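Student: Could you take me through one part of this model up close? I'd like to hear about the helix packing and the empty space around it.

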Amino acid sequence: MEASGLEWLLVPMQQLVSWGAAGAMVFGGVVPYIPQYRDIRRTQNAEGFSTYVCLVLLVANILRILFWFGRRFESPLLWQSIIMIITMLLMLKLCTEVRVSNELNIKRRSFADFDLNYFWHWSKFTDYVQCVLTFTGVTGYITYLWLDSSLFVETLGFLAVFTEAMLGVPQLYRNYQNRSTEGMSVKMVLMWTSGDTFKTVYFILNQAPFQFSICGLLQVFVDIAILLQVYLYSYYPQKPTSHTAHPASTKAL
C-alpha cells in the first residue's frame, strides 16, 4: 500500500523534473544574452561583443534543424534551435543599429556587394537576414538531395554541434587581440559555462547523438578559457598589441 502511494507521488514529480529540464534546454541557451543585450542597449556601445558569435550560432542552429530531418532527436533540442535563431537575429539588429549610429564612415556596405573584405560588416540588418536566408536555402537544398545518405546526415550533425562548440572562439580571440575583456558581459560567460555544463550532462543522460556530447565538452573548455581571460586581464592588465587596423575590424561588428 505504501509502495503504491509513494509511486503515485514519484510519477508526477519525475514528470515535473522532466518538463523542467526540457524547458531549461529550450530557453536556457538564450538567457546569457539578456544581460549583454541590456548592456549594449544601455551604453549604446557594442564594441565589446563580437557579432561573429551570432554568426556561429545561426549557422550551428540552422544545421542542427536540417540534421533533425535526417535523424530525429528530442523536440526540446529542436525548439532550442528555433528560439536561438530568433534571439541571434534580435542581437544582430541591435548591434547593427548601434554601430551604424556611432560610425563616422558614411559609406554603406551591403550583402549584395559580395565583398568578402566586409563580410558580416554590413550597414543594414536586412543584409544579415538576406545572408541567413541564402545560407538556409542552399544548405536546405543540399540536405534535401542527400537526405538518404547516412554519412551525409551524420556529418551534418557533427558540423552543427562542432560549429556551436566554437561559439566562444570569436570572443576568446577578440579578448586576446584587445588584451582586455572590457565591454564583454562576464555574466553572459558565466551563464554560458553553467548552461553548457547542464546541456552536456543532458545530452549524456538522454543518450543524444554522440556528436552532441563530445562537442558539448569542447564548448565547456572554451567557456573556461574565456573565464581565465577575465581573471588574467583583470589582475594582470596588459598593453594591447598594435595591429594594422582593417576598416571593418575596428569594431566588434
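Tutor: What follows goes from one helix pair to a cavity and then to a pocket. Keep in mind that this is a predicted model.

Let's start with H3, which covers residues 52–70, and H6, which covers residues 150–165. Their axes come within 8 Å and cross at roughly 155 degrees. Angles over 145 degrees count as roughly antiparallel, so that is how H3 and H6 run relative to each other. As for handedness, the crossing of these two helices is left-handed.

Who makes the contact? On the H3 side you'll find Val 56, Leu 57, Val 59, Ala 60, Leu 63, Arg 64, Leu 66, Phe 67 and Gly 70. H6 answers with Val 153, Glu 154, Leu 156, Gly 157, Leu 159, Ala 160, Thr 163 and Glu 164. Sorted by class, that contact comes to 11 nonpolar, 3 polar and 3 charged residues.

Now hang on to Arg 64 of H3 and Glu 164 of H6, both part of that contact. Arg 64 and Glu 164 also turn up in the lining of the largest cavity. The structure holds 1 cavity of 30 Å³ or more, and the space in the largest cavity is about 50 Å³. Besides that pair, its lining includes Val 161, Ala 165, Lys 199, Phe 203, Phe 212, Cys 215, Gly 216 and Gln 219. H6, H8 and H9 (210–235) each put in at least two lining residues, with H9 giving the largest share at 4 residues. By class, this lining has 5 nonpolar, 2 polar and 3 charged residues.

H8 is a handy bridge to the last stop, since H8 (186–205) also supplies at least two residues to the lining of the second largest pocket. That pocket has a volume of about 260 Å³. There are 20 lining residues, and the closest to the pocket's centre are Gly 28, Gly 29, Pro 32, Gly 195 and Asp 196. H1 (2–27) and H4 (75–102) each supply at least two lining residues as well, but H8 gives the most, with 7. The class split for this pocket is 11 nonpolar, 6 polar and 3 charged.

To tie it together: Arg 64 and Glu 164 belong to the H3–H6 contact and also line the largest cavity. H8, in turn, contributes to the lining of that cavity and to the lining of the second largest pocket.

Key:
Residues are numbered from 1 along each chain as its sequence is written. This is a predicted model: local features need pLDDT of at least 70, side-chain atom pairs count only at pLDDT 80 or more; totals for chains, interfaces and linings use all residues. Side-chain values use heavy atoms; hydrogens and water are left out. Axes are lines fitted to C-alpha atoms, for helices over the stretch in contact, and angles run from 0 to 180 degrees between N-to-C directions. Angles under 35 degrees count as roughly parallel, over 145 as roughly antiparallel, 65 to 115 as roughly perpendicular and the rest as oblique. A crossing is left-handed if the near helix is turned anticlockwise from the far one by less than a right angle, and right-handed if clockwise. Contact means heavy atoms within 4.5 Å. Ala, Val, Leu, Ile, Met, Phe, Trp, Tyr, Cys and Pro count as nonpolar, Asp, Glu, Lys and Arg as charged, and the others, Gly among them, as polar. On a 1 Å grid over the protein atoms alone, a cavity is a set of points where a 1.4 Å probe fits but cannot get out, and a pocket is an open set with protein on both sides within 12 Å along at least five of seven lines; lining residues have an atom within 4 Å of a point. Grid points are joined across faces, edges and corners, and a volume is the space filled by probe spheres set on the points.
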